[in-house]
Amino acid sequence: MFNTLEMTAITHNGFGQHNPLADRYEASAAFERALRRGKGWALRQKLLGRERGLRRLPKGGATTARRPAQQSAMVSIPLSQIVGSEGRVGDFDSDFNPLNDHTRDRWINIAAAQRAGAALPPVELIQVADGYYVRDGHHRISVARATGQATIEARIAYVLN
């Protein structure tokens, strides 16, 4: 998890409130918990013959129209209303827990930045009748859910109806 130089710095400086190594350590531990949750739920659901993955954005048919969002400004969206993804359904479960290790570095970097108080850009969502689908910001949503946030700042790319 940490190399020798990082462990020496932690031992010497301790885990302060704004210690970047402490932020990274806590972010790494949070990722491990979220990954275990995601893999655990995936295994349980597989054994029960159910799916628990993210929903894929419905394909537009002849009756589906894409229209611009009425508000292009940032809006606060409840995380519980984000139900799927435009293209990364295999990386996260329906609760946005990571399902594999290749998301680790990005997830930890975002979690550490959030712990340090950095302003993160809004996520980009697509609004559909049954909720919102992620176009950009899967890791930010995953971190937000893992840390107990109720809402996230977002921009609505377009609305499908």
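**Group meeting: a walk through one predicted chain**

Let's start with one residue, S85. Set aside its neighbours within four places in sequence, and S85 is in contact with L54, R55, R56, L57, Y133, V134 and H138. Keep in mind that this is a predicted model.

Where does S85 sit? It lies in strand 4, residues 82-85. Is S85 buried or exposed? Its relative accessible area is 0%. The cut-off for buried is under 20%, so S85 counts as buried. Now look at H138 again. The side chains of S85 and H138 are joined by a polar contact of 2.6 Å.

Next, the whole chain. How many helices and strands does it have? The secondary structure comes to four helices and seven strands. Follow the sequence and you read the pattern α-α-β-β-β-β-α-β-β-α-β. The chain has 161 residues, and 39% of them count as buried. Now take the contacts with a separation of 6 or more. Residues 24 or more positions apart account for 76% of those.

On to the cores. In soluble globular proteins, nonpolar side chains tend to be buried together. Here, the largest nonpolar core has 29 residues. Which residues have the most contacts inside it? They are I77, I82, W107, L125 and I141. Several elements give two or more residues to this core, including helix 2 (20-48), strand 3 (75-78), helix 3 (104-115) and helix 4 (138-146). Strand 5 (123-128), strand 6 (131-136) and strand 7 (151-160) do too.

Zoom in on I77. What does I77 touch, leaving aside neighbours within four places in sequence? I77 is in contact with I82, L125, Y132, A150, T151, I152, A154 and I156. Apart from the largest core lies another one. That core has seven residues, among them L57, V83, Y133 and Y158. Two of those names came up earlier: L57 and Y133 are also in contact with S85.

Last stop: helix 3 and helix 4. Their axes come within 9 Å and cross at roughly 55°. That angle is neither under 35 degrees nor in the 65 to 115 range. The two helices are therefore oblique to each other. The crossing of helix 3 past helix 4 is right-handed. Which residues meet there? From helix 3 come R106, W107, I110, A111 and Q114. From helix 4 come H139, R140, S142, V143 and A146. Notice W107. It meets helix 4 as part of that set, and it is also one of the residues with the most contacts inside the largest core.

Notes
Residues numbered from 1 in each chain as written. Predicted model: local features only at pLDDT ≥ 70, side-chain atom pairs only at ≥ 80, totals over all residues. Heavy atoms only, no water. Core = buried A, V, L, I, M, F, W, Y, C linked by side-chain atoms within 4.5 Å. Buried < 20%, exposed > 50% of the residue type's maximum accessible area, 1.4 Å probe, protein only. Contact = heavy atoms within 4.5 Å. Polar contact = N/O pair within 3.5 Å; in protein donor to acceptor, adjacent residues only side chain to side chain. Axes fitted to C-alpha atoms, helices over the stretch in contact; angles between N-to-C directions. Parallel < 35°, antiparallel > 145°, perpendicular 65-115°, else oblique. Left-handed = near helix turned anticlockwise from the far one by under 90°.
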